[in-house]
Amino acid sequence: MLTVTQIHTLTYKPLPTVFKRAIVALSVPHEWVRRIRTRRQLITLDGQSDRLLKDVGLQRSDIQRETMKWFWTP
């Protein structure tokens with residue numbers, strides 16, 4: 001008699017390569033949107049005082065460098 005684990009192992013088939021590539025392709029635009037949103041939020045921090053930025057752990061140069069990147073650049 002087969003156990004549940006053995007049955008699952010027999011019926012489990014990995015995703016075909018096409019589906020794996022589709023999942024990766026769909027996740028890329030999601031990452032781009034996240035970067036755009038994060039960099040827009042950083043732009044709003046650029047107008048804050050240096051003391052506040054220091055409390056958050058950022059420097060003005062870091063914010064400016066990050067916000068100058070294109071959305072596809074990590």
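## Exercises on helix α2

V24 has its place in helix α2, and the exercises below follow this helix through a model that is predicted.

**Exercise 1.** Decide whether V24 is buried or exposed, and find which nonpolar surface patch it helps to make.

*Solution.* Begin with the cut-off, by which a residue is exposed when its relative accessible area is over 50%. The relative accessibility of V24 is 53%, so V24 counts as exposed. Next, look at the surface around this residue, where V24, V28, W32, W70 and W72 make a nonpolar patch of about 530 Å².

**Exercise 2.** Check what span helix α2 should have, and how far apart its end C-alpha atoms are.

*Solution.* Helix α2 runs over residues 17-45, which is 29 residues, and at 1.5 Å a residue the expected span is 42 Å, because the rule multiplies 1.5 Å by one less than the number of residues. The C-alpha atoms at the two ends are 42 Å apart, which agrees with the expected value.

**Exercise 3.** Name residues of α2 that are buried, and describe what surrounds R39.

*Solution.* First, R35, R39 and L42 are buried in α2, and the cover over the buried residues of this helix includes α4 (60-67). Second, take R39, which lies in helix α2: its relative accessible area is 8%, and because buried means under 20%, R39 is buried. Third, setting aside neighbours within four places in sequence, R39 is in contact with E66, T67, K69, W70, F71, T73 and P74. Finally, the side chain of R39 reaches the backbone oxygen of T73 at 2.7 Å.

Conventions
Residues numbered from 1 in each chain as written. Predicted model: local features only at pLDDT ≥ 70, side-chain atom pairs only at ≥ 80, totals over all residues. Heavy atoms only, no water. Helix = DSSP H or I, 4+ residues; strand = E, 2+ residues; numbered from the N terminus. Buried < 20%, exposed > 50% of the residue type's maximum accessible area, 1.4 Å probe, protein only. Contact = heavy atoms within 4.5 Å. Polar contact = N/O pair within 3.5 Å; in protein donor to acceptor, adjacent residues only side chain to side chain. Patch = residues over 30% accessible without salt bridge, like charges linked within 9 Å, V, L, I, M, F, W, Y side chains within 5 Å. Areas by Shrake-Rupley, 256 points an atom, 1.4 Å probe, with all protein chains shown as cover. Salt bridge = Lys/Arg side-chain N within 4 Å of Asp/Glu carboxyl O.
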